[in-house]
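Student: I have a new structure to look at, and I would like to know how its labels are earned. Could you take me through it?

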Amino acid sequence: LFSGQFTSPLKSLYKTLEKITLGHFDVNPEVYSNDELGTLSLAFKKLTTRLQDRERLKNTLVKFTKPEEIEKILTGETKLPQEKKSMTILICELHSGLNGSLGAEETIKHVNALWTEVAKSINKYLGFIDKSNGTFMKAVWGAFGQFNDEGSSALSAALEIRKAIKNINENRTGSLQPFKIGIGIHTGEVVAGQIGMDGRSEYSFVGDGPLYATKIPSATREL
């Protein structure tokens, strides 16, 4: 019995280590106890959290940084800039269209299809997708270097999104409700840099600009 209580958690930790060595960082090791084994499990948990943060930052850097500079940034040899700059922010927020009668797989399928089309519209006009989840997407223009006509590009992306949503809704038949979204665009000064809690941060943007852009889609709910 004692042997099983000891070896089973070790086997689980070993499987976690195998996944990490293969580059799979989306693991969440369990903390089994308060003894030495628990301390080891907690260390694994902290390690995977740091690796996940590193991978998330790397995926962000790939979009705007030369490959030879990425490793220097990840190791701390080169620091990401912390600066104030003018940017245009677009927020796209999902208001309705999630049918409660659908199963989990079908719901995720439809939501993913929606955000895929929104992302295509943003990418078409060279926007950088900063954040996204099941209910909203935030994109920015002018984040990295000079960008001409960032406001016009964001507006063009918004119009493209509206067209894409219309096409999606025309193909939603039967009991499927049409997707309704709100879009907010704001140009203003933001602070860019590594933002977040100790040991868990990412390169992002804060300030009045993102806050104003976030409030606009909510105001469109009754339109």
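**How the labels are earned**

Tutor: Happily! The protein chain has an accessible surface of about 13,900 Å², and 54% of this belongs to carbon and sulfur atoms. Keep in mind that this is a predicted model.

Student: What does the secondary structure of the protein chain come to?

Tutor: It comes to six helices and five strands. Read from the N terminus, the order of the elements is α-α-α-β-α-β-β-α-β-β-α. Of the 223 residues in the protein chain, 36% count as buried.

Student: Why does serine 121 count as buried?

Tutor: Buried means under 20% relative accessible area. Serine 121 has 4% relative accessibility, so it counts as buried. This serine 121 lies in helix H4, residues 104–124. Leaving aside residues up to four places away in sequence, serine 121 touches Ala157, Glu160, Ile161 and Ala164.

Student: What makes S3 largely enclosed by the rest of the structure?

Tutor: Count its buried residues: five of the six residues of S3 are buried, and therefore the strand is largely enclosed by the rest of the structure.

Student: How do you know that strand S2 and strand S3 pair?

Tutor: Two strands pair if there are at least two bridges between them. Strand S2 (residues 128–132) and strand S3 (residues 136–141) have four bridges, in the antiparallel sense, so the requirement of at least two is met. Phenylalanine 128, for example, has valine 140 in S3 as its bridge partner. A hairpin of three residues joins S2 to S3.

Student: And what about strand S1 and S3: in which sense do they pair, and over how many bridges?

Tutor: Strand S1, residues 83–96, pairs with S3 in the antiparallel sense over six bridges. Look at alanine 139 in S3: leucine 90 stands opposite this residue, and alanine 139 is also the bridge partner of isoleucine 129.

Student: How do you know that glutamate 150 has no salt bridge?

Tutor: A salt bridge needs a side-chain nitrogen of Lys or Arg within 4 Å of a carboxyl oxygen of Asp or Glu. For glutamate 150, the nearest side chain of opposite charge is lysine 85, 9.0 Å away. The cut-off is 4 Å, so no salt bridge is assigned. Glutamate 150 is nevertheless buried.

Student: Where is glutamate 150 found, and what does it touch?

Tutor: Glutamate 150 is found in helix H5, residues 150–170. Not counting residues up to four places away in sequence, glutamate 150 touches Ser86, Met87, Thr88, Trp141, Gly142 and Thr187.

Key: Residues are numbered from 1 along each chain as its sequence is written. This is a predicted model: local features need pLDDT of at least 70, side-chain atom pairs count only at pLDDT 80 or more; totals for chains, interfaces and linings use all residues. Side-chain values use heavy atoms; hydrogens and water are left out. Helices (H or I, at least four residues) and strands (E, at least two) are DSSP runs, numbered from the N terminus. Buried means under 20% relative accessible area, exposed over 50%, partly exposed in between (1.4 Å probe, protein chains only). Accessible areas come from the Shrake-Rupley method with a 1.4 Å probe; for residues, only the protein chains shown count as cover. Lys and Arg count as positive and Asp and Glu as negative; His and the chain ends are not counted. Contact means heavy atoms within 4.5 Å.
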